[in-house]
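Visitor: I should be grateful for a close look at one part of this model, taking in the secondary-structure elements there and the charged side chains that meet around them.

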Amino acid sequence: GGGKLGKLMRAKDWASPPLGPPQQWPHSLRTAVRIILTSRYPMFIWWGKGLVNLYNDPYSPFLGTKHPAALGRPAHETWSEIWNQVGPRSEAVLTRGESTYDQGLQLMMDRHGYLEETYFTFSYSPLPDDDGNIGGIFCAVTEDTDRVIGERRLRVLRKLAFMTSEARTTVAVV
């Protein structure tokens with residue numbers, strides 16, 4: 001199971017570090033992967049010191065052309081253009097065990113070969129390893145780009161409509 005990403009994960013050669021073969025992954029990581037792969041909500045896991053990227057089908061569109069190469073890659077390599085924003089958040093989770101939450105955070109992401117204005121609501125949470133230490137980060141995420149940009153456009157149109165409603169001549173409209 002697990003959809004297309006489950007199939008990709010099973011086909012991937014994990015033998016080399018940092019994760020090694022899935023049969024040797026910590027039970028907590030295997031359980032977390034099973035949870036995200038069977039969820040219909042966009043989710044990812046960054047595991048270990050290198051924050052190895054594991055994600056599900058609903059999350060893959062957020063990666064754009066970075067998918068499927070992002071699978072098994074370090075998060076800081078996958079998201080180098082936004083690491084200055086998300087890196088400190090992940091550090092708070094890994095070093096202090098503090099969950100984060102951002103609503104409608106603007107991120108200038110390169111998903112299709114150019115930087116684009118995007119907005120996301122997400123939470124980073126500590127993901128325990130089998131010894132009870134922090135083994136990685138769990139994230140559930142929603143893209144808010146269409147909503148945020150749509151609301152901004154409506155504000156501009158309302159302002160424009162108000163300004164033109166008071167105009168009494170063609171010159172005043174221009």
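Guide: The account below begins with a strand pair, continues with salt bridges, and ends with a helix at the start of the chain. The model is a predicted one.

Strand β3 covers residues 102-110 and strand β4 covers residues 115-128. The two strands run antiparallel and are joined by seven bridges. One pairing can be followed at the level of residues: L105 has F120 in β4 as its bridge partner. Together β3 and β4 make a hairpin, with four residues lying between the strands. Within that turn, G113 adopts a positive phi of about 90 degrees. As a general point, side chains in a regular strand alternate between the two faces of the sheet.

Strand β4 also takes part in a contact between charged groups. E117 and R152 form a salt bridge through their side chains, at 2.8 Å from N to O. This pair connects distant parts of the chain, since E117 belongs to strand β4 and R152 to helix α6 (residues 145-165), 35 residues apart. E117 has a relative accessibility of 24%, and because burial requires a value under 20%, this residue counts as partly exposed. R152 is likewise described as partly exposed, at 32%.

A further salt bridge joins D144 to R147, whose closest N and O atoms are 3.7 Å apart. Here the two partners fall into separate classes: D144 is buried, with a relative accessible area of 9%, whereas R147 is partly exposed at 40%. In addition, R111, E116 and E143 are joined into one network by salt bridges that share partners.

Elsewhere, the side chains of R73 and E77 meet in a salt bridge at 2.2 Å, N to O. R73 is partly exposed, with a relative accessible area of 40%, and E77 is also partly exposed, at 39%. The structure as a whole holds nine salt bridges.

Helix α1, residues 3-11, may be read by its two sides. Its buried residues include L5, G6 and M9. These three lie on the same side of α1 because they cover an arc of only 105 degrees around the axis. In general, an α-helix has 3.6 residues a turn, so residues three or four places apart point the same way. Among the elements that cover the buried residues of α1 are α2 (27-38), β2 (52-55) and α3 (60-63). On the face turned away from the buried side, α1 carries the exposed residues K4, K7, R10 and A11.

How values were computed. Residues numbered from 1 in each chain as written. Predicted model: local features only at pLDDT ≥ 70, side-chain atom pairs only at ≥ 80, totals over all residues. Heavy atoms only, no water. Pairing = 2+ DSSP bridges. Buried < 20%, exposed > 50% of the residue type's maximum accessible area, 1.4 Å probe, protein only. Arc of directions from axis to C-beta. Contact = heavy atoms within 4.5 Å. Salt bridge = Lys/Arg side-chain N within 4 Å of Asp/Glu carboxyl O.
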